[in-house]
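Reader: I would like a close look at a single part of this structure, with the surroundings brought in where they help. Please take me through it step by step, in one connected answer.

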Number of protein chains: 2
Amino acid sequence: MRNLSIDAERLWSALMEMGRIGATPAGGSRRLALSREDGEARDLFVRWAKEAGCAVTVDRVGNIFARRAGADDSRPPVCIGSHLDTVPTGGKFDGVFGVIAGLEVLRTLDDADVRTRAPMEVIVWTNEEGARYSPVTLGSLAFVGAHSVDYALDRVDADGISVREALTEIGYDGPAEVGDREIGAYFEAHNEQGPLLEESGNTIGVVTGSHASRYFVISVQGMAAHVGPTPMAGRKDAMVGAARAVLEVNRVGNAYGPDGRSNAPHIEVWPNVRGVIPDAVRVSCDLRHREQAAIDEMEEDLRSALTRLGDELDMGFELEPYFAWGPMSFDPELAELLRAAADELGYGRQDLRIIAGHDAVPMTEVTRSGLILIPSRDGLSHNEAEYSAPEHVAAGANVLLRAALAEAGIVADRHSRRT
Amino acid sequence: MRNLSIDAERLWSALMEMGRIGATPAGGSRRLALSREDGEARDLFVRWAKEAGCAVTVDRVGNIFARRAGADDSRPPVCIGSHLDTVPTGGKFDGVFGVIAGLEVLRTLDDADVRTRAPMEVIVWTNEEGARYSPVTLGSLAFVGAHSVDYALDRVDADGISVREALTEIGYDGPAEVGDREIGAYFEAHNEQGPLLEESGNTIGVVTGSHASRYFVISVQGMAAHVGPTPMAGRKDAMVGAARAVLEVNRVGNAYGPDGRSNAPHIEVWPNVRGVIPDAVRVSCDLRHREQAAIDEMEEDLRSALTRLGDELDMGFELEPYFAWGPMSFDPELAELLRAAADELGYGRQDLRIIAGHDAVPMTEVTRSGLILIPSRDGLSHNEAEYSAPEHVAAGANVLLRAALAEAGIVADRHSRRT
């Protein structure tokens, strides 16, 4: 199997075909989780998986498992997974690359008539992005039992449509119980979404762990009043309070650089009309850092800043945590497998830690989990201009192929079976 | 007629009955322009007006004219008007007080069998608040020809529903041509929405003019990227840019105090989801000041500040004007009539200038226009807790009655007609 290699052209072509579902004029993709477009993308994946001879299972939160039988089908499967949903103006690579790379691995094994000892599965997780439904990695978190199935099904989007309703609408309210399957090992490949690989010139990033991420909602309570006659001095303008809070969040991320990150990308304003000083504003934000001690300090720093703001502006400021993970480490054995695969293939590689969330993180709760990254042009992601070069896409899939095969074991290939 | 007086109880009761349409749990009203609730309020007004013997006309932008014939019906009518729409969490007085006071004036004339020389009309203007459709005072602006009827009908709300569609939906897409009627004089009564009358202890504010108001949209152009791995230093975070812009708007209002005002109560963020650094943000804002020179300086100040922000943050900032009015003056004759009425009735009064917009402002373009204010408790408005005392409500209506009668002329009352 030393020379087994994925079909780079077929891989790229499948990636581009998937990218046309929800294609945006600026060259990106819009496939919000469980939208009609996400449903179409799932349908295409399922068709391809079935054409490749896979048995397809969908669980109650919409996670899809496409299984290629192993010689010993009682063994827990070696899995490759990622997601097909995107942010509202997303790119063609984030998530979909990992799924299509997994599919390409199975297609390559079929072409070469390779029989693995353990079965192999390609997994599509529900709502990884957290853009339509919060929190991020909803499907894999439910799979590992980090939250209940009902909690996941009851999440609602900005229009009040629940995950339950959206799953039914696109026909992915599957029958399988969530988390009711053993996983032998989990691999994921993703575009980097940051500049490090491009800067170093390496092709493969082997991820050793994840930064800590803490998600909050900041609530600002002001007082509604007429925007005109109300004297400036007497106002409790929740928009002004929220603007100050956004800048505090930003300050904290900068203060703990270069490993600190912060953002406040989502805002809800009441009543958000011209003519009325806003009564209340909610700002979603998160803080990230590689060190536990530093993330603790960042949270405390932000909390104190909001308390001071409340005193200064005489408005209510609350910092409500609603989700957190990390810092965590990936499985050292799988990381070593991935490094070895990259070395055998002659790809430049380096170790990295991720600052973004991926389904590979929750998966560490139930199995050994390994993650690789490939370069993103200009470090750009969550942007329609997101791009990874065809040779990097192919390299990532080849590393997956080699590592997954090493993990699953080979009992027969074209040569041995046909003789 | 010296002793003719409105029925304070009937007035208050009608005001409270109207306030129950779209009543909110916190004691306010929610009747967004041309919503189902606004339609119900209009229906109630029309019923009351017809019960009072009025002929009702609706024009193509939904303005309603309830006409009480005069002895000389060829004279242009003396009008009393205001609006029934509210901000999303509005009070029971803003706008509706002026309409109900006008109706009470007609009811009082009926009770006393008073025949006026000129006809009298009560007018309900469409979308005064500017909360659902922008700009403010949409109906009266269309009436005076400040913008075209098509422009008004084509305005859309946040859900993309046009004024044209909303009018049809509630049955107020009237047949009358807009602006196709002469107005002899226009009176309006409103709650103050600020603290001055409460502070001085006066009952009636006679409005001599309006501050200048300039409405803008600030567009901030950033660059979408992943919130996590993207280094803090390389970001173009449009939310951070917008927060800085909101604080600049607020600074400008404070810098030109005590007559300066500013606000930025409305924000739109793309894509406004967790996980993506916002690409673009639009902030609606306005600046107000009583002096022309000062409003010019405020605009220039804000424009320079945004240019500096653009340079500092390497993001695009644009300040796009979209609506402006004032400073302007109301008709001195009508103001004198209103002062005289307050004096005869023994109400404490003072001159004021308004900082809020009212339909009485556009009306100065086509007729003599007069405006009075009554006190608001704690100066509060555009808030469900908005409140004006029954005696102030009655006082305002009595001043309207007296001034409107002086303007319309009396040819017969109960005494003269019945003998």
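Author: Two strands are said to pair if DSSP finds at least two bridges between them. With that in hand, the part to look at closely is a sheet in chain A of this predicted model, an open sheet of 4 strands whose order is S10-S12-S8-S13 and whose pairing is antiparallel. At its edges stand S10 and strand S13 (316-325) of chain A, each of which pairs on one side only. Direction ignored, neighbouring strands of this sheet are turned by 20 degrees against each other on average.

One pairing within the sheet can be followed down to a residue pair. S10(A) and S12(A) run in the antiparallel sense and pair over 8 bridges, and one of the bridge partners is Asp286(A) in S12(A), which is matched with Asn263(A).

The domain assignment helps to place this region. Chain A is divided there into domain 1 (8-211 + 327-418) and domain 2 (212-325). Taken over C-alpha atoms, the centres of domain 1 of chain A and domain 2 of chain A are separated by 34 Å. The contact between them involves 8 residues of domain 1 of chain A and 11 residues of domain 2 of chain A. By class, the domain 1 side of that contact has 5 nonpolar, 2 polar and 1 charged residues.

The sheet also bears on the contact between the two chains, to which chain A gives 55 residues and chain B gives 56 residues. On the side of chain A that touches chain B, at least two residues each are supplied by strand S9 (225-226), helix H8 (238-255), strand S10 (261-270), strand S11 (276-277) and strand S12 (280-289) of chain A. Among the contributors, H8(A) provides the largest share of that side, with 8 residues. The class make-up of the chain A side is 28 nonpolar, 21 polar and 6 charged residues.

Chain B has a sheet that can be described in the same terms. In chain B, 4 strands form an open sheet in the order S10-S12-S8-S13, with antiparallel pairing. Strand S10 (261-270) and strand S13 (316-325) of chain B are its edge strands, each with a single partner strand, so one side of each is left without a neighbour in the sheet. From one strand to the next, the twist averages 20 degrees. Strand S8 (residues 212-221) of chain B is joined to S13(B) by 9 bridges, the two strands running antiparallel, and in S13(B) the residue Glu318(B) is the bridge partner of Ser219(B).

For another view of chain A, consider strand S16 (residues 369-374), which is mostly covered, with 6 of its 6 residues buried. Ser369(A), Leu371(A) and Leu373(A) point one way from S16(A), while Gly370(A), Ile372(A) and Ile374(A) point the other way, and all are buried. Strand S6 (residues 185-191) of chain A pairs with S16(A) in the parallel sense over 6 bridges, one of the matches being Tyr186(A) with its bridge partner Ser369(A) in S16(A). Strand S7 (residues 204-210) of chain A pairs with S16(A) in the antiparallel sense over 2 bridges, and Gly205(A) stands opposite Leu373(A) in S16(A).

Within this strand, Leu371(A) deserves a closer reading. Leu371(A) counts as buried because 30 other C-beta atoms lie within 10 Å, where the cut-off for a buried residue is 20 or more. Not counting residues up to four places away in sequence, Leu371(A) touches Glu188(A), His190(A), Val207(A), Phe330(A), His358(A) and Ala360(A). From Met120(A), Leu371(A) is 251 residues apart in sequence and 17 Å apart in space, C-alpha to C-alpha.

The nonpolar cores complete the picture. The largest has 100 residues, of which Ile100(B), Val105(B), Leu338(B), Ala397(B), Leu400(B) and Ala404(B) touch the most other members. Helix H12 (residues 390-408) of chain B gives the largest share of this core, 11 residues. With residues up to four places away in sequence left out, Leu338(B) touches Val206(B), Gly370(B), Ile372(B), Val399(B) and Ala403(B). Apart from this core lies another, of 99 residues, which includes Ile6(A), Ile80(A), Ala166(A) and Leu352(A).

Methods. Residues numbered from 1 in each chain as written. Chains lettered and ligands numbered in written order. Predicted model: local features only at pLDDT ≥ 70, side-chain atom pairs only at ≥ 80, totals over all residues. Domains from an automatic or database assignment. Contact = placed C-beta atoms within 7 Å. Nonpolar A, V, L, I, M, F, W, Y, C, P; charged D, E, K, R; others polar. Core = buried A, V, L, I, M, F, W, Y, C linked by C-beta atoms within 7 Å. Buried ≥ 20, exposed ≤ 12 C-beta atoms within 10 Å, placed from the backbone. Axes fitted to C-alpha atoms, helices over the stretch in contact; angles between N-to-C directions.
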